[in-house]
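Let's take a walk through this protein together, going from the whole fold down to one helix pair. Have the structure open and rotate it as you read.

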Amino acid sequence: MEEGQGRAAYPALRAAAGDTLAVGFGLFPLGVAFGVLLVQSGFAWWWAPVFSIMIYAGSLEFLAVGLILAATPLASIALTTFLVNFRHVFYALSFPLHRVHGPFARLYARYALTDEVYAVTATRPADTLSSARIVWIQALCQGYWVLGGVTGALVGSVMPDVEGISFALTALFVVLAIDGFRAHRDVPAPVLALVCALLAQLVVPDYMLVAAMTAFVVTLGVRYVVVERGGGALA
């Protein structure tokens with residue numbers, strides 16, 4: 001952390017801890033589930049912090065386990081990563097990076113921009129977000145995730161295999177999809193997703209995930225353009 005931030009480090013840390021406490025209650029157990037899944041998929045426990053530092057993209061880390069075990073080509077992994085995390089491009093448009101000072105702090109702020117960090121900073125008044133507070137928010141969120149992953153990996157390495165643990169990622173996305181539908185009641189979106197998945201499975205089963213996600217992104221874009229031009233009549 002830069003010298004100019006050091007004076008306000010402790011007050012900023014206390015504020016960031018209060019900002020992220022509720023997030024931590026969600027990130028830590030999810031990290032535990034990831035750690036258990038990782039070791040019971042055949043990885044050593046120390047891969048948990050490696051994944052959570054090198055990748056650090058919650059849902060993608062779950063997905064990466066299956067992709068690596070399936071020996072997925074690097075090009076497919078790269079495209080999947082791009083599609084899964086493309087939303088971060090839009091986060092960056094309104095994330096208060098301009099309030100973060102110092103080259104290293106700004107570099108970390110870019111790296112550690114996650115859904116949770118964006119949600120926390122977006123709900124705080126801009127004038128209360130100092131450089132140190134933003135960086136601490138990000139560091140604490142990553143700390144909750146890494147600690148949860150290591151804890152789960154260590155526990156999973158000494159516990160008997162849990163049947164169905166590989167279904168964790170699918171279950172996670174099902175829950176997120178149900179919550180999203182309850183919030184917006186957007187019927188066409190899940191229907192489009194299902195159609196894209198079925199078509200991808202039929203046409204290119206070896207690249208089903210990448211093809212389905214690509215088709216879904218394209219259809220959502222087309223739908224948005226059509227709805228906008230139609231004044232929302234087709235929404």
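How many helices and how many strands does the protein have? Keep in mind as you look that this is a predicted model. The count comes to 12 helices and 0 strands. Read from the N terminus on, the elements therefore run α-α-α-α-α-α-α-α-α-α-α-α.

Next, consider how the chain is put together. Take the contacts between residues at least 6 apart in sequence: 74% of these join residues at least 24 apart. Of the 235 residues in the protein, 35% are buried. The accessible surface amounts to about 13600 Å², and carbon and sulfur atoms account for 71% of that area.

Now zoom in on two of the helices, H7 (residues 103–111) and H9 (residues 131–158). How are they oriented to each other? Their axes lie 10 Å apart and make an angle of about 50°. Angles under 35 degrees would count as roughly parallel, and those from 65 to 115 as roughly perpendicular; H7 and H9 are therefore oblique to each other. As for handedness, H7 passes H9 in a left-handed crossing.

Which residues meet where these helices pack? On the H7 side, look for Ala105, Tyr108, Ala109 and Tyr111. Facing them from H9 you will find Val135, Gln138, Ala139 and Gln142. Sorted by class, this contact of H7 with H9 has 6 nonpolar and 2 polar residues, with no charged ones.

Methods: Residues numbered from 1 in each chain as written. Predicted model: local features only at pLDDT ≥ 70, side-chain atom pairs only at ≥ 80, totals over all residues. Heavy atoms only, no water. Axes fitted to C-alpha atoms, helices over the stretch in contact; angles between N-to-C directions. Helix = DSSP H or I, 4+ residues; strand = E, 2+ residues; numbered from the N terminus. Parallel < 35°, antiparallel > 145°, perpendicular 65-115°, else oblique. Left-handed = near helix turned anticlockwise from the far one by under 90°. Contact = heavy atoms within 4.5 Å. Nonpolar A, V, L, I, M, F, W, Y, C, P; charged D, E, K, R; others polar. Buried < 20%, exposed > 50% of the residue type's maximum accessible area, 1.4 Å probe, protein only. Areas by Shrake-Rupley, 256 points an atom, 1.4 Å probe, with all protein chains shown as cover.
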